[in-house]
Every structure is written in structure tokens, then in C-alpha cells.
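Please open the model in your viewer and keep a selection tool at hand, since this tour moves from one selection to the next and says what is there at each stop.

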Amino acid sequence: MSIQCQNVSKSFGDFHALQDVTVEIDSGQLTAVLGPSGGGKSTLLRIIAGLETADSGTVLIEGQDVTHVLARDRGIGFVFQHYAAFTHMTVWENVAFGLKIQKTPKEKIRGRVNDLLNLVHLDGLAKRYPSELSGGQRQRMALARALAVEPGLLLLDEPFGALDVKVRQELRDWLRRLHDEVHTTTIFVTHDQEEAMEIADQIIVINAGRVEQAGTPDTLYDRPANQFVMGFLGPVTQLGDRMVRPHDIRVSTQPEAGAQEAVVDRLTSLGFETRIVARPTNNGSPVTVQLTRNQINELNLQVGSRVYLSTYPTAQQVSMPA
């Protein structure tokens, strides 16, 4: 199921949540809508879902204008951060609920629910109640319930936001595998850059109600459209008048043409890598550099060491505003 939003705008009083947003999502694609809090991510998702109505613009699903079609008639599955399960129903009954509402034959319900519980690895927990599940298990149940009615489009609004880091990692790995099996067009909202980079086919970066850039994770990381995108998709630092990634800075202990002279202020060990903060001798902004422990040892760096900083030829850089 393909999605197109054309020149969509939405305001809440004086607050402009979306401003002339145009995006396109191909059928079967897993797309992340990424951006800071209040940037317009969830508003865009809710307009696609039919839970909000755009002030202007058009929403197309499979080429059909659904701008004013009710949410229940769009064939969409939803999973939200705080999933409201039916606490008095078992896992099996929760997943079956939508099929029963559709008056699906009992035999088909039984087969569909059992298949889905197996798919999300909850087949051994079918008789448990939501209160007896972990947070990660409840979210897998939520996904199974959303998929039960065979939606053409699955919308996830920060589905893992309330979970701890380890469970989030496990679930996003699982979501990618699940998507590769069912191929349902999926849009998920997140403010977690690593989450988006790791599992999405396409990322749409939204900030202050506008689309900053859309493309594959590699495109956005390697060829950011502007300073905001570069800064939001991974660590950055400032070297002279350029924004550059810390791992793209070359460190030498000998003067080199064009290199920025600096003094090491701090060394922080982060397992296999070490983060350096160096203070330019021309009173420029402190520079963060990312090196391996082997590089630190080879250069014999310590606090107070004089270094010369430059960028590798392949480094991605964005000029800072004057």
C-alpha cells in the first residue's frame, strides 16, 4: 500500500505542527519518521491514519484520495507507545478481538491468531493476561493484534519508547525480521536516530513542521542536506568553520599544512574507542575526536598533548553559518 502526502499543513491554534509537508512512501517499505519532540512526527502519522484532519493538502493511499475518509475505513493497523490492551482478556483473546468484530468465521480466527502468536513468539503465552507479560511481550502482542485484521498499512507511534534500552534493541531487531516476513507497508515514528538507521528502508527527517530530508539511511548519513540533518543523524563536532563527524578527524602529533593546532584537554575511554576533547590554540570551539585505543597508544596521547587536526579526504562536512 503506497502513501502520498501532498502539501499537508496542520495547525493547533497558533502552533504550526506541519507546514506544506510532501512525502511519498512506496508499497512494502519500512519508513521511519524521525525528528525532535514537537517536530510534527506524530501529527503526520495521525493525519495518515485519519485520526486528525489536515487544514490543507491531500493524503493518497494507493493513489486514492482518502483525505476525508474515516480512520476505520482506511484499512490501517495501529500500535502506540502505551498500548491499551483489554486487561480482562487473554493474549489469544486480545489478538482475536478485531477479527471477531469483523465477524470472521471461528475457524479462520483460530488459524490466524495461532499463526500470529507463533510469528511474534508468544504461542506459549496465549492463555496469559496482559498483566502477566513483560513490556516487550505486551508490545509484541500489540503488533500481532494490529496485524490480525491484515491491514494494508501499519502505523507505529514510538512503540518502544517506554521500554528499557536492552528490550528496545531486541524488539527493533525483531520488528525488522517481522517486516521482512509480512512485507506490510510500515511507518514508525521515533526520535531515536540509531533505531531509525538500523531498521528503516527510508527515513523522513521532520523538524519544526517541515521535511528536512528524506532518503535511505546511508544517503542521509553520508550526504546530509543541511546542518540540522547532519547533527540529528549521528555525533558531530566543529572544526574551524565546518561541521564534521568525530571519526572523520585525522590526528597528528606533527605540524601539517592546513591542520588546526590544538591541545588535548580530556581523554574518555569508551571500551574499544576513546573520545578526545581538544582545545584549539586559536581559541576556537573545542573539538571532539573519536579514535580507537590502538590509535591513542600509537600517538602516545595524553592530557596536555599538542596535536594537529585535519579531516580525511572522504569526510562528510557541512559549513557552519557565518
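Is R306 buried, partly exposed or exposed? The model on screen is a predicted one, and in it R306 has a relative accessible area of 44%, so R306 is partly exposed.

**Salt bridges**

Keep R306 selected and add E261: the two form a salt bridge in which the closest N and O atoms are 3.1 Å apart. This pair links distant parts of the chain, with R306 in strand β17 (residues 306-311) and E261 in strand β14 (residues 260-270), 45 residues apart. E261 is partly exposed, at 26% relative accessibility.

Next select K10 and D55, whose side chains meet in a salt bridge at 3.8 Å, N to O. K10 belongs to strand β1 (residues 3-12) while D55 sits in the loop between α1 and β4 (56-61), so this pair ties together parts that are 45 residues apart in sequence. K10 counts as buried because its relative accessibility is 10%, under the 20% limit, whereas D55, with a relative accessible area of 49%, is partly exposed.

Move on to helix α3 (residues 106-119), where E107 and R110 lie 3 residues apart, about one turn of the helix. Their side chains meet in a salt bridge of 2.6 Å, N to O; E107 counts as exposed at 58% relative accessibility, and R110 as partly exposed at 39%.

To complete this part, select R176, D180 and D201, which are linked in a network of salt bridges. A search of the whole structure finds 9 salt bridges.

**Nonpolar cores**

Now turn to V95 and I203, the residues with the most contacts inside the largest nonpolar core, which has 43 residues. Helix α4 (residues 135-148) gives the most to this core, with 7 residues. Apart from this core lies another, of 24 residues, including V21, V23, L45 and A49.

Return to I203 and display its surroundings: leaving aside residues up to four places away in sequence, I203 touches residues that include A32, L34, A196, M197 and P217. From there, select A196 in helix α6 (residues 193-199), which counts as buried because its relative accessibility is 0%. With the same sequence neighbours left out, A196 touches A32, L34, F188, T190, I203 and P217. If you measure from A196 to P159, 37 residues apart along the chain, the C-alpha atoms are separated by 13 Å.

**Cavities**

How many cavities of 30 Å³ or more are there? The count comes to 2, and the largest has a volume of about 40 Å³. To see its lining, select L147, L154, L175, L178, H179, V182, T184 and T186; the largest share, 4 residues, comes from helix α5 (residues 165-182). By class, this lining divides into 5 nonpolar, 3 polar and no charged residues.

The second largest cavity, also given a volume of about 40 Å³, appears when you select L45, R46, A49, L51, F78, F80, L155 and D157. Two or more residues of this lining come from each of α1 (41-49), β6 and β7 (153-157), and α1 gives the largest share, 3 residues. The lining of the second largest cavity has 6 nonpolar, no polar and 2 charged residues.

**A last stop**

Finish at T90, in the loop between β6 (76-80) and α2 (91-101). T90 counts as buried, at 11% relative accessibility, and beyond residues up to four places away in sequence, T90 touches A126, K127, R128 and Y129.

Methods:
Residues numbered from 1 in each chain as written. Predicted model: local features only at pLDDT ≥ 70, side-chain atom pairs only at ≥ 80, totals over all residues. Heavy atoms only, no water. Buried < 20%, exposed > 50% of the residue type's maximum accessible area, 1.4 Å probe, protein only. Contact = heavy atoms within 4.5 Å. Core = buried A, V, L, I, M, F, W, Y, C linked by side-chain atoms within 4.5 Å. 1 Å grid on protein atoms, 1.4 Å probe; cavity = no way out; pocket = protein on both sides within 12 Å on 5 of 7 lines; lining within 4 Å. Points joined across faces, edges and corners; volume = space filled by probe spheres on them. Nonpolar A, V, L, I, M, F, W, Y, C, P; charged D, E, K, R; others polar. Salt bridge = Lys/Arg side-chain N within 4 Å of Asp/Glu carboxyl O.
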